[in-house]
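This report covers the internal spaces of one protein model and the packing of some of its helices. Please keep the sequence and the structure at hand while reading.

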Amino acid sequence: MCCKNYEFILFDLDGTLTDPFEGITNSVVYSLAYYGIKVENKEELKCFIGPPLYASYEKYYGFSKEKAIEAVEKYREYYKDKGIFENRLYDGTVELLIKLKEKGRKIILATSKPEFFALQILEHFNIRKYFDVVVGATMDGSLINKGDIIRVALEKIGSPVKEKSIMIGDKSHDIIGAKQNDIDSIGVLYGFGSREELCGASSNYIVEDFEEIEKILIEE
């Protein structure tokens, strides 16, 4: 893998910098219980990690748009106090962020998670200081599409040369959002997306771990 000297590094949050499996799935279980739906195996709820929640309730449980909006509100009842902290940093996250800052890179968070929650998570893990810009979804759903979130993030950092920008994420919507903004992407396999999914979305790079990300981003 050769380094293209990317200067603006956009990161997804869930499944890329943190492992939120416990908190997100517990929140989904809580919300579904409101509708009398019992989940036997939380592994089945991995599909909720990454994409906008509204879409996941509609896609996987056949909820109407109105019912999905209500379900997200139930989800947040659990998530805002408990689920948000049932989370952990992946090994290597802090070390990579430090190295990128030392190299003078601009670090940007572009997440489908509501920005309000994303900021709390960054502060909780003491990594907010590494990010030059943080953009997440709005609580009312007016900004939710990953491509739009990436576009807003790039605008906030000063609309950099697209050849100098790259998006890192674990799901196809991260890769598709990058393509919609004409920037390169790295798909990570340690998160919740599969190689097949990331290849299908035409990720520029697919990596196994943080060491491989570093090889792409940091020129020795």
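## The largest cavity

The largest cavity holds about 240 Å³ of space. The model is a predicted one, and its structure has one cavity of 30 Å³ or more.

Which residues lie closest to the centre of the largest cavity? They are P51, L53, S112, K113 and P114, out of 22 residues that line the cavity. Three elements each give two or more residues to this lining: α2 (53-61), α3 (65-79) and β4 (106-114). Sorted by class, the lining of the largest cavity consists of 14 nonpolar, four polar and four charged residues.

## The largest pocket

The volume of the largest pocket is about 160 Å³. Its lining is made up of P52, Y54, A55, E58, K65, I69, M139, D140, G141 and I144. By class, six of the lining residues are nonpolar, one is polar and three are charged.

Which element gives the most to the lining of the largest pocket? That element is α2, with three residues. Both α2 and α3 supply at least two residues of the pocket lining. These two helices also contribute two or more residues each to the lining of the largest cavity.

## Helices α2 and α3

The axes of α2 and α3 cross at roughly 120° and come within 9 Å. Angles from 65 to 115 degrees count as roughly perpendicular and those over 145 as roughly antiparallel, so α2 is oblique to α3. The crossing of α2 past α3 is right-handed.

On the α2 side, the contact involves L53, Y54, Y57 and E58. These meet K65, A68, I69, A71, V72, Y75 and R76 of α3. By class, the contact of α2 with α3 has eight nonpolar and three charged residues, and no polar ones. Several residues of this contact also line the largest pocket, among them Y54 and E58 from α2 and K65 and I69 from α3. L53, which takes part in the contact with α3, is also one of the residues closest to the centre of the largest cavity.

## Helices α6 and α7

Helix α6 spans residues 146-156 and helix α7 spans residues 172-180. Their axes are 8 Å apart, and the two helices pack at an angle of about 55°. Because an oblique angle is one that is neither roughly parallel (under 35 degrees), nor roughly perpendicular (65 to 115), nor roughly antiparallel (over 145), α6 is oblique to α7. α6 passes α7 in a crossing that is right-handed.

From α6, the residues K146, G147 and I150 meet H173, D174, G177, A178 and Q180 of α7. The residues of this contact comprise two nonpolar, four polar and two charged.

## Helices α4 and α9

Helix α4 covers residues 93-102, and helix α9 covers residues 210-217. Are these two helices roughly parallel or roughly antiparallel? Their axes cross at roughly 10° and come within 10 Å. Angles under 35 degrees count as roughly parallel, which means that α4 is roughly parallel to α9.

T93, L96, K99 and L100 of α4 make the contact with F210, I213, E214 and L217 of α9. By class, five residues of the contact of α4 with α9 are nonpolar, one is polar and two are charged.

Notes: Residues numbered from 1 in each chain as written. Predicted model: local features only at pLDDT ≥ 70, side-chain atom pairs only at ≥ 80, totals over all residues. Heavy atoms only, no water. 1 Å grid on protein atoms, 1.4 Å probe; cavity = no way out; pocket = protein on both sides within 12 Å on 5 of 7 lines; lining within 4 Å. Points joined across faces, edges and corners; volume = space filled by probe spheres on them. Helix = DSSP H or I, 4+ residues; strand = E, 2+ residues; numbered from the N terminus. Nonpolar A, V, L, I, M, F, W, Y, C, P; charged D, E, K, R; others polar. Axes fitted to C-alpha atoms, helices over the stretch in contact; angles between N-to-C directions. Left-handed = near helix turned anticlockwise from the far one by under 90°. Contact = heavy atoms within 4.5 Å.
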